[in-house]
Amino acid sequence: MDEIEVPALFLCPISLQLMRDPVTVCTGITYDRENIARWGNRFLGFNHDEHKPKDSTFMSEVAIEVLFHLNPSGGELKNLINKEGIQFIESLFQVLKFGNNQSRGYATMLLKSTFEVADPIQLNSVRTELFVEITRVLRDQISEKASKAALKLLVELCSWGRNRVKAVEGGVVFVLVELLLQVSERRVCELMLMVLDKLCGCAEGRAELLKHGAGVAIVAKKILRISHGASDRGVRILASICRYSATPRVLQEMLIFGAVSKLCLVLEVEGSFKAKDRAREILKLHSAVWKNSSCIPQHLLSSYP
């Protein structure tokens, strides 16, 4: 009996075998899912020549786009990062640095998903240069999805103390303040304030926020304007400033920029008890400087603890 000839269209270009789970990638070519995933993983784990980044960037972009659309599970990403280690992260970093905007967005989203399942050693081994590139993704505003992924990635990474200084050195604080001046979308503002809250947990982060002329002002402005979550984060940031960086100049700026008035207002309106407690603590801590100031509207003075 003659063998049935399988049309070439049904064969995977990699294995030349009948495709069991066809998937069409960004080039328009269809592969068997298992084979193209194995190829992408192998390529992204390859040690690229640092002296020829542009030679490998295009192939990395293709591999990353393929991997992104395959939508790997957390377990698959964990296996990949454990098997390939730093080389997988390095491949994503190279695309963040040299790739086109679409590929940079895919790399950012893959990094976010990867670091969600990474172990503490991998999380703490992140270089400052990665924060520089994540910051550039935010500044360039590639897409809403990429920006949210970058912010969630920063929240994850900055939960580890060693990474906070690296993030500050990477320019995260300055860019977040600049973006907060422009955006009003609820979830984006919440994520930005979450990152700033974590970065204000270190002296370098607080100093960078105060260094920006609009740092305190924009944080105070977002309180009671976005959501309860954003207000809580905003009050936490002001609390960090007031506890550890409260120079006479800073305290005066908080009066002038309306931060003190906003803290009084937090005590009057409905909100979380934690935010109220923090606001009350801050106002009591510096009552000698603020309580009788003409910068606080008369109707809010009655709320001063």
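**Loops and packed helices**

Q141 counts as partly exposed at 45% relative accessibility (buried means under 20% relative accessible area, exposed over 50%, and partly exposed in between, with a 1.4 Å probe and protein chains only). The model is a predicted one, so local features need pLDDT of at least 70 and side-chain atom pairs count only at pLDDT 80 or more, while totals for chains, interfaces and linings use all residues. Residues are numbered from 1 along each chain as its sequence is written, and side-chain values use heavy atoms, with hydrogens and water left out.

Q141 sits in the loop between α7 and α8 (helices, H or I with at least four residues, and strands, E with at least two, are DSSP runs numbered from the N terminus). Q141 is not a glycine, yet its phi is positive, at about 50 degrees. L224 gives another such case: its phi is near 70 degrees, a positive value in a residue other than glycine. L224 belongs to the loop between α13 (215-222) and α14, and at 35% relative accessibility it too counts as partly exposed.

As for the chain overall, its secondary structure comes to 19 helices and two strands. Of its 305 residues, 50% are buried. Among contacts (heavy atoms within 4.5 Å) between residues at least 6 apart in sequence, 64% join residues at least 24 apart.

Helix α8 (residues 144-157) follows the loop that holds Q141. Its 14 residues reach 20 Å from the first C-alpha to the last, close to the 20 Å expected at 1.5 Å a residue (the expected span is 1.5 Å times one less than the number of residues). Ten of the 14 residues are buried, leaving α8 mostly covered. The buried set runs through A146, S147, K148, A149, A150 and L151, then L153, L154, V155 and L157. As for partners, the buried residues of α8 pack against α5 (101-116), α6 (120-124), α7 (128-140), α9 (161-169), α10 (172-180) and α11 (186-199).

One of those partners, α5, is itself largely enclosed by the rest of the structure, because twelve of its 16 residues are buried. The buried residues are S103, R104, G105, Y106, A107, T108, M109, L110, L111, K112, T114 and F115. The end C-alpha atoms of α5 are 23 Å apart, which agrees with the 22 Å that its 16 residues should span. Helix α4 (residues 86-98) comes alongside: the axes of α4 and α5 come within 8 Å and cross at roughly 150 degrees (axes are lines fitted to C-alpha atoms, for helices over the stretch in contact, and angles run from 0 to 180 degrees between N-to-C directions). The two helices are therefore roughly antiparallel (angles over 145 degrees count as roughly antiparallel, under 35 as roughly parallel, 65 to 115 as roughly perpendicular and the rest as oblique). Their crossing is left-handed (the near helix is turned anticlockwise from the far one by less than a right angle; clockwise would be right-handed). On the α4 side, F88, I89, L92, V95 and L96 meet S103, R104, A107, T108, L110, L111, T114 and F115 of α5. By class, the residues of this contact divide into nine nonpolar, three polar and one charged (Ala, Val, Leu, Ile, Met, Phe, Trp, Tyr, Cys and Pro count as nonpolar, Asp, Glu, Lys and Arg as charged, and the others, Gly among them, as polar).

Helices α7 and α10 also pair up, with axes that come within 10 Å and cross at roughly 10 degrees. That makes α7 roughly parallel to α10. Here F131, T135, L138 and R139 of α7 meet V172, V175, L176 and L179 of α10. The contact holds six nonpolar residues, one polar and one charged.

Further along, α14 has 17 residues and reaches 24 Å between its end C-alpha atoms, close to the 24 Å expected. Its buried residues are A230, S231, G234, V235, I237, L238, A239, S240, I241 and C242. S231, found in this helix (residues 228-244), is buried at a relative accessible area of 6%. Leaving aside residues up to four places away in sequence, S231 touches I223 and L224, the latter being the loop residue with positive phi.

Finally, α11 and α14 pack at about 25 degrees, their axes 9 Å apart. That makes α11 roughly parallel to α14, and the crossing is left-handed. E190, L193, M194, L196 and D197 of α11 and A230, R233, R236 and I237 of α14 make the contact. By class it has five nonpolar, no polar and four charged residues.
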